[in-house]
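The following exercises concern the geometry and packing of one protein model. Each task is followed by a solution worked in steps.

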Amino acid sequence: MKLYKQYLTQNDCYTTGATIKPRGVMVHSTGANNPTLRRYVGPNDGRLGQNRYNNHWNRPGIKKCAHAFIGELADGSVATYQTLPWNYCGWHCGGSANNTHISFEICEDSLTDARYFKAVYQEAVELTAYLCKKYGLDPLADGVVICHSEGHARGIASNHGDVLHWFPRHGKSMDDFRADVAELVRGNTPSPTPISYKVKVIADALNIRSGAGTKNPVVGVIRDKGVYTIVDEMNGWGLLKSGAGWISLAYVRKL
């Protein structure tokens with residue numbers, strides 16, 4: 001699983017900041033023939049590619065938001081982007097499951113590409129297994145891992161067909177999905193691919209902050225234009241391996 005973190009900090013779900021106690025995971029798909037993550041996640045972090053219409057969901061007034069999206073990066077590879085903290089209340093199903101379930105959207109393509117489906121299905125299985133282990137959830141328990149369509153049947157989501165209009169085309173059901181998740185939970189659940197890479201500072205003076213963003217206090221300054229190792233990313237900021245703090249990745253060159 002390739003899991004990157006880019007919170008949609010301008011989206012209404014993020015700015016409202018309401019929280020939930022996760023009791024399940026709801027699987028969605030986007031309902032549009034556009035497999036690119038940049039359609040929903042922005043701004044471009046160098047991996048996503050440019051959304052020339054700027055119609056991603058990181059904008060004020062966008063009331064809907066899932067906790068993550070699975071789809072294609074600019075290079076065509078498949079990855080997951082976490083877009084809300086897992087314990088934030090999203091608006092993803094039009095029902096009470098907004099208050100109980102972590103959600104993710106799989107970016108749809110034409111629904112006929114077996115290669116793409118296999119890649120996003122496996123990514124979704126690994127993400128769900130990771131979340132189940134993180135929150136102590138049993139993926140085989142009633143109502144824990146469900147899709148939007150199943151949520152509607154239970155009266156906790158609006159009337160959408162995802163993902164039962166897509167999975168069966170490729171020989172998969174939600175029962176198969178839950179079984180695949182359970183197998184990973186029982187075994188060795190893949191962890192997110194660890195981030196570690198070197199950068200060279202290109203600014204004469206680069207602030208180190210206590211968190212990812214200019215609202216966080218400055219705790220140091222880099223003045224040597226040296227080479228540093230980044231071990232985490234969030235919204236265009238990188239965490240220094242030394243633990244000193246976060247720096248803006250706009251002022252470094254990746255090596």
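Buried means a relative accessible area under 20%, exposed means over 50%, and partly exposed lies in between (1.4 Å probe, protein chains only). The model is predicted: local features need pLDDT of at least 70, side-chain atom pairs count only at pLDDT 80 or more, and totals for chains, interfaces and linings use all residues. Residues are numbered from 1 along each chain as its sequence is written, and side-chain values use heavy atoms, with hydrogens and water left out.

**Exercise 1. Positive phi outside glycine**

Locate lysine 225 and asparagine 235, and classify the accessibility of each.

Solution. Helices (H or I, at least four residues) and strands (E, at least two) are DSSP runs, numbered from the N terminus. Asparagine 235 is placed in the loop between S10 and strand S11 (237-240). Its relative accessible area of 26% makes asparagine 235 partly exposed. Although asparagine 235 is not a glycine, its phi is positive, about 50°. Lysine 225 is placed in the loop between strand S9 (218-222) and strand S10 (227-234). With a relative accessible area of 34%, lysine 225 is partly exposed. Lysine 225 also has a positive phi of about 50° without being a glycine.

**Exercise 2. Helix H4**

Compare the span of H4 with the expected value, and determine where its buried residues fall around the axis.

Solution. The expected span of a helix is 1.5 Å times one less than its number of residues. For the 13 residues of H4 (residues 174-186) this gives 18 Å, and the end C-alpha atoms are 18 Å apart, which agrees. The buried residues of H4 are Met174, Phe177, Arg178, Val181, Ala182 and Leu184. Viewed down the axis of H4, these residues fall within an arc of 160° (taken from the directions from the helix axis to the C-beta atoms), so they line one face of the helix. An α-helix has 3.6 residues a turn, so residues three or four places apart point the same way. On the other side of H4, Asp175, Glu183 and Arg186 are exposed.

Next, identify the packing partners. Contact means heavy atoms within 4.5 Å. The buried residues of H4 pack against strand S2 (24-29), strand S5 (101-106), helix H2 (114-135), strand S6 (145-147) and helix H3 (148-153). Finally, serine 173 caps the N-terminal end of H4, with a side-chain oxygen 3.3 Å from the backbone nitrogen of aspartate 175.

**Exercise 3. The nonpolar cores**

Which residues have the most contacts inside the largest nonpolar core, and which element gives the largest share of that core?

Solution. A nonpolar core is a set of buried Ala, Val, Leu, Ile, Met, Phe, Trp, Tyr and Cys residues joined through side-chain atoms within 4.5 Å. The largest has 51 residues, and Phe104, Phe167 and Phe177 have the most contacts inside it. The elements giving two or more residues to this core are strand S1 (3-5), S2, strand S3 (68-72), S4, S5, H2, S6 and H4. H2 supplies the largest share, 10 residues. Another core, of 12 residues, lies apart from it and includes Val199, Leu206, Ile208 and Ile247.

**Exercise 4. Cysteine pairs**

Determine how many disulfides the structure contains, and examine cysteine 13 and cysteine 132.

Solution. A disulfide is counted as a pair of cysteine sulfur atoms within 2.5 Å. A search of the whole structure finds zero disulfides. For cysteine 13, the closest cysteine sulfur is that of cysteine 65, at 5.3 Å, too far for a bond. For cysteine 132, the closest is that of cysteine 147, at 15 Å, also too far for a bond. Cysteine 13 counts as buried at 6% relative accessibility, and cysteine 132 counts as buried at 1%.

**Exercise 5. Surroundings of threonine 100**

Is threonine 100 buried or exposed, and which residues are in contact with it?

Solution. Threonine 100 lies in the loop between strand S4 (78-82) and S5. Its relative accessible area is 13%, so threonine 100 is buried. Leaving aside neighbours within four places in sequence, threonine 100 is in contact with Ile20, Lys21, Pro22, Arg23 and Gly24.

**Exercise 6. Cis peptide bonds**

Where do the cis bonds ending at proline 43 and valine 163 lie?

Solution. The bond from glycine 42 to proline 43 is cis, with omega near 0°, and proline 43 is in the loop between S2 and S3. Aspartate 162 and valine 163 are joined by a cis peptide bond with omega about 5°; valine 163 is in the loop between H3 and H4.

Terms used. Polar contact = N/O pair within 3.5 Å; in protein donor to acceptor, adjacent residues only side chain to side chain.
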